[in-house]
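Trainee: Could you take me through one part of this protein slowly, namely the sheet and the salt bridges around it? I would like to follow the reasoning step by step.

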Amino acid sequence: EKDVGADDVLWPEVIEMPVKVLPQNSTQCLRPTLKYHGPHFKPAIVVRTNPESLEAFQTKQSPMPVGTVVIKEKHEEEDASDAANEFGAMIKREPGYDPEHGDWEYVYGRISPGVTLERGKLANCIACHEAYAKDRDYLFRSYLQDKGDLAQARSGR
């Protein structure tokens, strides 16, 4: 069973550039006590996955294989030149872990200020992913549209 760890920052990025996100979307998966705002706040995310799951993730396979780990690094700079101080992750667990929600375990961590880590069947994460991405195995992946469509066209699906 693979868990999220420090070496995971070496995992491949699912796309070559950071994904720009709207400030209001960036703050949706923060702990309620944290707020970012202001004219210079231009958030972005860098999404990584374990190497074994990269192709399945990029081609929007659904459901994803057991053992898939997806990490979303949260950056305050749109080019992701700053160090990520927060991250979210999803780990695809064995069938039966949480069948009502795709058997995903959610992880949310903050590196600074102060280290915090929450994991499990996190209600806030589940609510958002269920409301907006349930039909895609609870993964958004909208930034992969062109790449996924191209891969499907090449494979004849």
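Mentor: What follows is a walk through the sheet, then through the salt bridges, and then through a few loops and the cysteines. Please keep in mind from the start that this is a predicted model, and that the values below are computed from it.

Let us begin with the sheet itself, which is open and is formed by six strands in the order β1-β2-β3-β4-β5-β6, with antiparallel pairing. The edges of this sheet are β1, covering residues 19-20, and β6, covering residues 116-120, and each of these edge strands pairs on one side only. Inside the sheet you can look at how β3, residues 69-75, meets β4, residues 86-92: these two strands run antiparallel, and six bridges join them. If you want one position to fix your eye on, take Ile71, which stands opposite Ala89 in β4.

From the strands we can turn to the charged side chains. The general idea is that side chains of opposite charge can pair when their charged atoms come close. A search of the whole structure finds eight salt bridges, and three of them are worth examining one at a time.

Which residue forms a salt bridge with Arg48? The partner is Glu13, and the closest N and O atoms of this pair are 3.5 Å apart. Because Arg48 belongs to strand β2, residues 44-49, while Glu13 belongs to the segment before β1, the pair ties together parts of the chain that are 35 residues apart in sequence. The two partners also sit in unlike surroundings: Arg48 has a relative accessibility of 12% and therefore counts as buried, whereas Glu13, at 33%, counts as partly exposed. This pair does not stand alone, since Glu13, Arg48 and Glu73 are linked in a network of salt bridges.

The second example brings us back to an edge strand of the sheet. Here the side chains of Lys20 and Glu78 meet in a salt bridge, at 3.6 Å from N to O. Lys20 is in strand β1 and Glu78 is in the loop between β3 and β4, so that the pair links distant parts of the chain, 58 residues apart. With a relative accessibility of 59%, Lys20 counts as exposed, while Glu78 counts as partly exposed at 33%.

The third example involves Arg136 and Asp135, which form a salt bridge whose closest N and O atoms are 3.2 Å apart. Arg136 counts as partly exposed, at 31% relative accessibility, and Asp135 is exposed, with a relative accessible area of 62%.

Next, consider some backbone details in the loops. In the loop between α2, residues 54-58, and β3 you will find Pro63, and the peptide bond leading from Ser62 to Pro63 is cis, with omega near 0°. Another loop, the one between α3, residues 123-133, and α4, residues 145-155, holds Tyr138, whose phi is near 70°, a positive value in a residue other than glycine. Arg141 lies in the loop between α3 and α4 as well, and this residue also has a positive phi, about 50°, although it is not a glycine. Are these two loop residues buried or exposed? Tyr138 counts as buried because its relative accessibility is 5%, and Arg141 is buried too, with a relative accessible area of 3%; the cut-off that this step needs is that buried means under 20%.

A contrasting case is Glu94, which lies in the loop between β4 and β5, residues 104-110, and which is exposed, with a relative accessible area of 54%. Leaving aside residues up to four places away in sequence, Glu94 touches Val66 and Asp103. The C-alpha atoms of Glu94 and Pro65 are separated by 9.2 Å, and these two residues are 29 residues apart along the chain.

Finally, a word on the cysteines. How many disulfides are counted in this model? The count comes to zero. Of the cysteines you can look up, Cys125 counts as buried at 17% relative accessibility, while Cys128 counts as partly exposed at 25%.

Technical notes. Residues are numbered from 1 along each chain as its sequence is written. This is a predicted model: local features need pLDDT of at least 70, side-chain atom pairs count only at pLDDT 80 or more; totals for chains, interfaces and linings use all residues. Side-chain values use heavy atoms; hydrogens and water are left out. Two strands pair if DSSP finds at least two bridges between them. Helices (H or I, at least four residues) and strands (E, at least two) are DSSP runs, numbered from the N terminus. Buried means under 20% relative accessible area, exposed over 50%, partly exposed in between (1.4 Å probe, protein chains only). A salt bridge is a side-chain nitrogen of Lys or Arg within 4 Å of a carboxyl oxygen of Asp or Glu. Contact means heavy atoms within 4.5 Å. A disulfide is a pair of cysteine sulfur atoms within 2.5 Å.
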